[in-house]
Amino acid sequence: TIKSVGTVESETVPGLHYKYYEHQQDVSSLEEAFSVKPAHFGVIAGVDLGIKPSEKQGAPFGLKFDGFLNAPADGLYQIHVRGTDGYNLKVGNDSVAYDGEHALVPKMMTVRLNKGLNSFNLEYFNAKQGEEILLVDWQGPGIAYQPISNSYFRHENDNPENVTLDL
């Protein structure tokens with residue numbers, strides 16, 4: 001289980017843990033997307049749908065990303081998520097979700113982050129053939145509106161198979 005309280009940057013390494021879930025038939029919710037065992041898991045530099053195998057393009061799937069968002073300063077941040085079908089983003093104690101099949105829909109949350117590590121959990125699914133889009137942007141103290149750079153993501157250096165990615 002990820003320790004979100006008391007973890008210091010020196011105990012972490014760049015990137016996020018991920019788990020990828022495959023489906024043979026359409027899925028219609030986050031719960032359904034994660035009702036099977038992960039097909040593979042590991043560490044990735046940041047939020048990226050490119051970990052889906054090329055031969056599976058167009059097939060329904062789910063992804064979970066887990067780790068920390070390393071905020072450069074204390075303050076209020078706006079985090080914007082745009083995705084097709086379902087997503088649930090939890091940063092610290094705040095979350096924004098849009099479950100179910102849908103076109104590209106933006107959601108935004110304002111969250112107070114402490115300088116340093118803040119827990120970051122993102123779930124996403126694509127229901128069936130069609131566009132696969134997931135974008136996470138932010139703005140905050142000293143940061144103009146932009147995609148969250150991979151350099152802000154960290155995770156504990158442990159085996160991702162042993163990490164619980166449930167929100």
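## Cores, salt bridges and a buried loop aspartate

The largest nonpolar core here has 31 residues, and Leu-69, Ile-79 and Leu-89 make the most contacts inside it. Strands E2 (16-22), E4 (61-71), E5 (75-83), E6 (87-91), E8 (105-113), E9 (116-126) and E10 (134-140) each supply at least two of its residues. Please keep in mind as you look around that this is a predicted model. The structure also holds two salt bridges, and both are described below.

**The nonpolar cores**

- Among the contributing strands, E4 gives the most to the largest core, with five residues.
- Leu-89 is a good place to start a tour: leaving aside residues up to four places away in sequence, Leu-89 touches Ile-79, Val-81, Asp-94, Ser-95, Val-96, Met-109, Phe-120, Asn-121, Leu-122 and Val-136.
- A second core, separate from the large one, has seven residues, including Tyr-21, Val-27, Leu-30 and Phe-34.
- As general background, nonpolar side chains in soluble globular proteins tend to be buried together.

**Salt bridge between Lys-64 and Glu-123**

- The side chains of Lys-64 and Glu-123 form a salt bridge, with an N to O distance of 3.8 Å.
- This pair ties together distant parts of the chain, as Lys-64 sits in strand E4 and Glu-123 in strand E9, 59 residues apart.
- Lys-64 has a relative accessible area of 4%, so it counts as buried.
- Glu-123 is buried too, because its relative accessible area is 10%, under the 20% limit.

**Salt bridge between Asp-137 and Arg-82**

- Asp-137 and Arg-82 meet through their side chains in a salt bridge of 2.6 Å, N to O.
- Here too distant parts of the chain are linked: Asp-137 belongs to strand E10 and Arg-82 to strand E5, and their positions lie 55 residues apart in sequence.
- Asp-137 is buried, at 3% relative accessible area.
- Arg-82, at 27%, is partly exposed, because partly exposed covers the range between 20% and 50%.

**Asp-85 and its loop**

- Asp-85 is found in the loop that runs between E5 and E6.
- The phi angle of Asp-85 is positive, about 60°, although this residue is not a glycine.
- Despite its loop position, Asp-85 counts as buried, because its relative accessibility is 8%.

**Glu-31 and helix H1**

- Glu-31 is part of helix H1, which covers residues 30-33.
- With a relative accessible area of 68%, Glu-31 is exposed, as the cut-off for exposed is over 50%.
- Glu-31 and Gly-86 are 55 residues apart along the chain, and their C-alpha atoms are separated by 9.9 Å.

Key
Residues are numbered from 1 along each chain as its sequence is written. This is a predicted model: local features need pLDDT of at least 70, side-chain atom pairs count only at pLDDT 80 or more; totals for chains, interfaces and linings use all residues. Side-chain values use heavy atoms; hydrogens and water are left out. A nonpolar core is a set of buried Ala, Val, Leu, Ile, Met, Phe, Trp, Tyr and Cys residues joined through side-chain atoms within 4.5 Å. Buried means under 20% relative accessible area, exposed over 50%, partly exposed in between (1.4 Å probe, protein chains only). Helices (H or I, at least four residues) and strands (E, at least two) are DSSP runs, numbered from the N terminus. Contact means heavy atoms within 4.5 Å. A salt bridge is a side-chain nitrogen of Lys or Arg within 4 Å of a carboxyl oxygen of Asp or Glu.
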